Amino acid sequence: MTDADTLLYLDGVTVTFDGFRALNALSLVMTKGEMRAVIGPNGAGKTTMMDVITGKTRPDTGKVVFDRDTDLTRLDEPAIAALGIGRKFQKPTVFEPHTVWDNLLLALEGDRGPRFSLFARETAAERRRIEAILETTRLMDHRHKRGADLSHGQKQWLEIGMLLAQEPQLLLVDEPVAGMTDAETEQTAVLLQEINRTRSVVVVEHDMAFVRALGVKVTVLHEGAVLSEGSIDFVSDDPKVIEVYLGR
Amino acid sequence: MLEVENVDLHYGAAIALRQVSLAVAVGDVTCLLGRNGVGKTSMLRAVVGAHPISAGSIRWEGQEISRLPIYERARRGIAWVPQGRDVFPLLTVKENLETGFAVLSRGERRLPDEIFDLFPILKTMLRRRGGDLSGGQQQQLAIARALVMKPRLIVLDEPTEGIQPSIIKDIGRVIALLRAKGDMAILLVEQYFDFAQELAQTMVVMDRGTIVLAGRREDLDEADVRRRLSV
């Protein structure tokens, strides 16, 4: 049991690979409706943390409690996704031969078995849902374009849209703005803020201008544990953070 | 002289380098600094030919090399010590070193004594398998293997990453010795300021795929450099 406002609680999570401690008794609390930015040098444990939350990696010790009393470490990846935790990996993985519209349709909740694939037409409700996602993800004018013909930034937005189609409570987003133009990066900060009005979000990023633009609490990971936590100004003034970035 | 001019590099549709320029003179250490994810390794991949560039030019010893394959650039004296070292784990230390022979003519194919002067530990480990070495020893092996090629440009990607302090000192000393010999251009990527500052004549700081600060070490404002490396 956790506090009613707590959405996600990592409690002393340790993960080792061949003796290397990727996460070292990591503890972290996120409240409902929060957006959190996670930064840290290479090997700090950012990706492993996402892997543990989504069930890709099972921790050696520790608990991951989601939404009051669900221990995620006991569930597998599909079960965790079905609970409402969506993950966006760094590289865009949209269906390139399909249109933007069809990518979103495929991602909508519901039966996607062979009967659907052969006979189904989208319902009016599904069309409204797709329209709304197109608007959020700034893809209204590109609905008929194939995934392959989008810019890099638009592909990332489409994939975020595909996550939204699954109505997640919590979105995990790994380096969304890597490889984006400056304009796309700015748009992405606004996009995530809009999404955050109705959902919780964890963003892992290296781009500090982007993290600053998000204007949310920042967690700095180092050697598998939380090194510092607070506003971007607080962590960037923290001597411990300065030392690990300038280091040795 | 290595001259990189206005280089763009993409991974698929994602842009990693935008209009990047830098130069490395023979006898100099140029250090490329920046936080993780800003494009340092992409820059090295462009120079050695591990990834094609989408715009700009790369000249080495006066000739355009940006369309040459990686092995042809190696034959022209460009050696790469990659991040993560890429030592062959099942080959012995000696065999790992001998892979550097690929770019040499038959008559030149011997292991120079110099590398064992620089890395005495390797002499005692010639028959060990590469995979059985510690991280620091593997790093020394990777640098030695690059030197077997008799390079005129050596490109080192975070040689101190994940390595214990005593070996970091050894590696720093070796880079300083190579610089002092003066017959090699050295391009060093580092995430950490102090190590870089001790070695580099020229510092280049990257952020978001572009160069945000560059100059001779003595001309750069240290506080400014530090600010751009921190968060």
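Analyst: Quick term first: a residue is buried if 20 or more other C-beta atoms, placed from the backbone, lie within 10 Å of its own, exposed if 12 or fewer, and partly exposed in between. This is a predicted model, where local features need pLDDT of at least 70 and side-chain atom pairs 80 or more, while totals for chains, interfaces and linings use all residues. Residues count from 1 along each chain as written, with chains lettered from A and ligands numbered from 1 in written order.

User: How wide an arc do the buried residues of α10(A) cover?

Analyst: Helix α10 of chain A spans residues 239-246 (helices are DSSP runs of H or I, at least four residues; strands are runs of E, at least two; both numbered from the N terminus). Its A:V241, A:V244 and A:Y245 are buried. They sit on the same side of α10(A) because their arc (directions from the helix axis to the C-beta atoms) is only 95 degrees.

User: Which helix of chain B do those buried residues pack against?

Analyst: Within chain A, the buried residues of α10(A) pack against β9 (217-222), β10 (225-230) and α9 (232-237). From chain B, their partner is α9.

User: How many residues of chain A are in contact with chain B?

Analyst: Contact means C-beta atoms, placed from the backbone, within 7 Å. Chain B's touching side includes two or more residues from each of β2 (14-24), α8 (193-199) and α9 (222-229). Chain B brings 20 residues, and the chain A count is 21.

User: How many residues of α1(A) are buried?

Analyst: This helix, residues 46-53, is mostly covered. A:K46 and A:M49 are among its buried residues. Of its eight residues, the buried ones number seven.

Definitions and conventions. Contact = placed C-beta atoms within 7 Å.
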